[in-house]
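Trainee: I should like to learn how a helix and a pocket are read from a set of coordinates. May we work through an example together?

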Amino acid sequence: MEHQIVRLTRRPELKDRAAQWFSEKWGIPVEEYAQSIEESLTQKSPVPQWYLAMEGDRIVGGLGVIENDFHERKDLAPNVCAVYTEPDRRCQGIAGALLRTVCADMKQMGIDTLYLVTDHTAFYERYGWEFLCMVREEGTDNLTRMYIHKS
């Protein structure tokens, strides 16, 4: 089955399911996602935004755009976050489609530079992202990789 990329501002009826889905994938309280998703639906600024990859009625992937993804470099914003594809749907282009969509959408909204933190190496480069620097995770001594994408 083919997937469809949807921005939650265009499918607000999915907001509760989306918040639950992201929470289950990342172990962050559902209320955090629900609040950010609600903010994306009610405010006029481009950030935050939330996207889902749907196969019929099933969520098979998703990601968001927020100001800061829990790192100390507040100047590197906004951040693509919570990138996830269901294990049985990986290697089918879903993450790439999500990333292309979010970059194009953000550019249309006047944001041509996005950032992303990850432990992955050699994944995001396939989609035009470049390693920028190491950043400290908020409130820890842990360092993680920061990527940049310019449209």
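Mentor: We shall take one helix and then the pocket. The model is predicted: local features need pLDDT of at least 70, side-chain atom pairs count only at pLDDT 80 or more, and totals for chains, interfaces and linings use all residues. Residues are numbered from 1 along each chain as its sequence is written, and side-chain values use heavy atoms, with hydrogens and water left out.

Trainee: What span should helix 2 have?

Mentor: Helices (H or I, at least four residues) and strands (E, at least two) are DSSP runs, numbered from the N terminus. The expected span is 1.5 Å times one less than the number of residues. For the 13 residues of helix 2 this gives 18 Å, and the end C-alpha atoms are 18 Å apart, which agrees.

Trainee: Which residues of helix 2 are buried?

Mentor: Buried means under 20% relative accessible area and exposed over 50%, with a 1.4 Å probe and protein chains only. Y33, S36, I37 and S40 are buried. They lie on the same side of helix 2 because their arc around the axis is only 100 degrees, taken from the directions from the axis to the C-beta atoms. The face turned away from that side carries exposed E31, Q35 and T42.

Trainee: What do the buried residues of helix 2 pack against?

Mentor: They pack against helix 1, strand 2, strand 3 and strand 4, contact being heavy atoms within 4.5 Å.

Trainee: Which element gives the largest share of the lining of the largest pocket?

Mentor: A pocket is an open set of points on a 1 Å grid over the protein atoms alone, where a 1.4 Å probe fits, with protein on both sides within 12 Å along at least five of seven lines; lining residues have an atom within 4 Å of a point. Strand 4 gives the largest share, 6 residues.
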